[in-house]
Amino acid sequence: MGDFTKKRWLPLEANPEVMNQFVQGLGFPEDAAFHDVYGFDDDLLAMVPQPVLAVLLLFPITPESEAARLAERETASKDACKVSDKVYFMKQTVGNACGTIGLLHAIGNNLSQIDLAEDSFLKKFFKSTSSMTPDERAEFLEADTELEGAHSVAASAGDTTPPDITVSVDLHFVCFVHVEGGLYELDGRKSIPVYHGASSKEGILKDAIKVIQEFIARNPQSHNFNVIALSREKPESIHELAK
C-alpha cells in the first residue's frame, strides 16, 4: 500500500462483503458486486458470476515486486501511446488508500455498465473528476472527508483488526480493467496505466489472471495474494434484451 508521508488511512481488507457494503453506501447498485476468485483453473473461474467488469489483486510489496515495478517503467513509457484516453486513472497520495482507489478504478472504468444512484456520492465523484488529470484526482480524493469517513468505517468492518494507522502496510491493491479492446493494470503508485495487450469484455477475467500469475511467480512462497472480481449479477434490462 506504499510509503506515503501525507495523509494515511486504515488499510481496506480484501473482503468482498466489506467492499460491497462500502460502495453500496456510496450509491453503488445491488445488481453488481465484488466476489472472491478462489482459484485459477477453469472450474473455479466458472464459479465467478458473469459478466466480469474488473479484477482486483492484493499482493505483497517485496524486493522482487519493487524490482519488477522499476524495470517496468521503461516498457510502460514505450507503451504509453497504446493507452486509451478513455481509461479512468488516478494517482495515490494517501497512505493505505490503495483499496479504495482500486474500487474507484473498477467502477470508474465501467460507468456505462453500472447504474449509480442519482445524487449519490459516487455519481457526483465521477462527474466532478471526469475531466481531471490523474494527479488532480488524487488531490480531490485526499481532500474528500466524506469518502475518508466511509473508508474508515469499511476498514474497521473486516474480519481482522486493522493495524495502527501509523504502520506502513506492505500489501497493495491494483485493478485490472478492459477498455476499448485493451487490458490495463491500474496502480496509483505508477505514473500511467500499464497496457497488457489486447483483451475483451468476455476475456477480461482470464486475461487478468495471466498477468496476476506473473505477480505470484515473483513471490511463490507468499500466501498474501487475494483476487476479487467485480461482476454484474443480472442480465441487461428487458428493454436492452429486446433490442
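The following dialogue examines a predicted model and the reasons for the terms used to describe it.

User: What makes β1 and β5 the edges of the open sheet?

Analyst: The sheet has six strands in the order β1-β6-β2-β3-β4-β5, paired in the antiparallel sense. β1 (32–36) and β5 (194–198) each have a single partner strand, so one side of each is left without a neighbour in the sheet. On average, neighbouring strands of this sheet are turned by 20° against each other, direction ignored.

User: How do you know that β2 and β3 are paired?

Analyst: Pairing requires at least two bridges between two strands. Strand β2 (residues 52–60) and strand β3 (residues 171–179) share seven bridges, so they count as an antiparallel pair. Within this pair, L58 stands opposite F173 in β3.

User: Which helices lie across strands of the sheet, and at what angles do they run?

Analyst: Helix α1 (residues 16–24) lies across β1, β2, β3 and β6 (226–232), and runs at about 160° to β1. Angles over 145 degrees count as roughly antiparallel, so α1 is roughly antiparallel to β1. Helix α4 (residues 98–108) lies across β1, β2, β3, β4 (182–186) and β6, and runs at about 5° to β3. Angles under 35 degrees count as roughly parallel, so α4 is roughly parallel to β3.

User: Why is α4 called roughly perpendicular to α5?

Analyst: The axes of α4 and helix α5 (residues 121–129) come within 12 Å and cross at roughly 80°. Angles of 65 to 115 degrees count as roughly perpendicular, and the crossing of α4 and α5 therefore earns that description. The contact is made by L104, I107 and G108 of α4, together with L122, F125 and F126 of α5. By class, this contact has five nonpolar, one polar and no charged residues.

User: What makes the largest cavity a cavity, and which residues line it?

Analyst: A cavity is a set of points where a 1.4 Å probe fits but cannot get out. A search of the whole structure finds one cavity of 30 Å³ or more, and about 30 Å³ of space lies in the largest cavity. The lining of the largest cavity is formed by F22, V23, L26, T100, L103, L104, L122 and L147. Both α1 and α4 supply at least two residues of this lining, and α4 gives the most, with three residues. By class, the lining has seven nonpolar, one polar and no charged residues.

User: What makes the largest pocket a pocket, and how much space lies in it?

Analyst: A pocket is an open set of points with protein on both sides within 12 Å along at least five of seven lines. About 550 Å³ of space lies in the largest pocket. It is lined by 29 residues, of which K86, V87, G108, N109 and V179 are the closest to its centre. The elements that give two or more residues to this lining are β2, α6 (134–143) and β3. By class, the lining of the largest pocket has 14 nonpolar, eight polar and seven charged residues.

User: Where is the cis peptide bond, and what is its omega?

Analyst: The cis peptide bond joins Q50 and P51, and its omega is about 0°. P51 is placed in the loop between α2 (42–45) and β2.

User: What is noted about phi of N96, and where does N96 lie?

Analyst: Phi of N96 is near 65°, which is a positive value in a residue other than glycine. N96 lies in the loop between α3 (63–78) and α4.

Methods. Residues numbered from 1 in each chain as written. Predicted model: local features only at pLDDT ≥ 70, side-chain atom pairs only at ≥ 80, totals over all residues. Heavy atoms only, no water. Helix = DSSP H or I, 4+ residues; strand = E, 2+ residues; numbered from the N terminus. Axes fitted to C-alpha atoms, helices over the stretch in contact; angles between N-to-C directions. Contact = heavy atoms within 4.5 Å. 1 Å grid on protein atoms, 1.4 Å probe; cavity = no way out; pocket = protein on both sides within 12 Å on 5 of 7 lines; lining within 4 Å. Points joined across faces, edges and corners; volume = space filled by probe spheres on them. Nonpolar A, V, L, I, M, F, W, Y, C, P; charged D, E, K, R; others polar.
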